[in-house]
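Please read the following walk through one protein chain alongside the model. It begins at a single buried position and works outward to the chain as a whole.

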Amino acid sequence: MIRIAVVDDDENFAKMYKREIAKIFMMYNVECNIYVHTNPKFFQSELSFQSYDLISMDIDMPTITGIQIASDLRSI
C-alpha cells in the first residue's frame, strides 16, 4: 500500500488533486491511501510519527512554505 500526502492550503485544489492521483493509481491497479492536509503546520508536526511514500506540497502557503517543510524532511 502506497501512502501519499497532499499538502495544500487550498482545500478545493487539494481534494481535486487527490481525485486525480487516485484515478492514476486505479488505472494501474495500485493500492494507495491519499491523505489531504490543508494545515501545513499540522502536517509538519505529524512527520515525526507518520511516514509517506510520496508527498506533494504547495510551495507558497501562508504559515510555512513547502520548501521549508521539505528541508525539515531531509533532516528527519
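Beyond its neighbours within four places in sequence, leucine 47 makes contact with Tyr52, Ile69, Leu73 and Ile76. The model is a predicted one, and these contacts are computed from its atoms, counting heavy atoms within 4.5 Å. Leucine 47 sits in the loop that runs between α2 (40–46) and β3 (54–57). Its relative accessibility is 6%, so leucine 47 counts as buried, the limit being under 20%. One of its contacts, isoleucine 69, is 22 residues away along the chain, and the C-alpha atoms of the two are separated by 9.6 Å.

Which residues make up the largest nonpolar core? Leucine 47 belongs to this set of 8, together with Ala5, Val7, Phe43, Tyr52, Met61, Ile64 and Ile69. Within the set, isoleucine 64 can be followed in the same way. With neighbours within four places in sequence left aside, isoleucine 64 is in contact with Pro40, Lys41, Gln44 and Ile69. Apart from this core lies another, of 7 residues, including Ile4, Ile21, Cys32 and Ile34.

Isoleucine 34 gives a way into that other core. It lies in strand β2. Its relative accessibility is 11%, and because buried means under 20%, isoleucine 34 counts as buried. Outside the neighbours within four places in sequence, the contacts of isoleucine 34 are Ile4, Val6, Lys18, Ile21 and Ala22. Isoleucine 21, one of these contacts, is 13 residues from isoleucine 34 in sequence, with a C-alpha to C-alpha distance of 8.3 Å.

Other positions lie at the surface. Is methionine 26 buried or exposed? With a relative accessible area of 58%, methionine 26 is exposed, because the threshold for that class is over 50%. Methionine 26 lies in helix α1, which covers residues 11–27. Aspartate 9 is 17 residues from methionine 26 along the chain, and their C-alpha atoms are separated by 26 Å.

Asparagine 29 is found in the loop between α1 and β2 (32–37). The relative accessible area of asparagine 29 is 72%, so this residue is exposed as well, again by the over 50% limit. Its backbone deserves a look too. Phi of asparagine 29 is near 55 degrees, a positive value in a residue that is not glycine. Most residues other than glycine have a negative phi.

These positions can now be placed in the chain as a whole. The secondary structure comes to 3 helices and 3 strands, and along the sequence they follow the pattern β-α-β-α-β-α. The radius of gyration is 12 Å, close to the 11 Å that the globule rule gives for 76 residues, so the chain is as compact as a globular protein of that length. Along the principal axes, the C-alpha atoms fill a box of roughly 35 × 25 × 15 Å.

Contacts and surface complete the description. Of the contacts between residues at least 6 apart in sequence, 61% join residues at least 24 apart. Buried residues account for 28% of the 76 residues. The accessible surface of the chain is about 5,200 Å², and 53% of it belongs to carbon and sulfur atoms. As for charge, the chain has 7 positive and 11 negative charges, and the mean positions of the two groups are 4 Å apart.

Terms used
Residues numbered from 1 in each chain as written. Predicted model: local features only at pLDDT ≥ 70, side-chain atom pairs only at ≥ 80, totals over all residues. Heavy atoms only, no water. Core = buried A, V, L, I, M, F, W, Y, C linked by side-chain atoms within 4.5 Å. Buried < 20%, exposed > 50% of the residue type's maximum accessible area, 1.4 Å probe, protein only. Helix = DSSP H or I, 4+ residues; strand = E, 2+ residues; numbered from the N terminus. Rg over C-alpha atoms; globule rule 2.2 N^0.38 Å. Areas by Shrake-Rupley, 256 points an atom, 1.4 Å probe, with all protein chains shown as cover. Lys, Arg positive; Asp, Glu negative; His and termini not counted. Charge placed at Lys NZ, Arg CZ, Asp CG, Glu CD.
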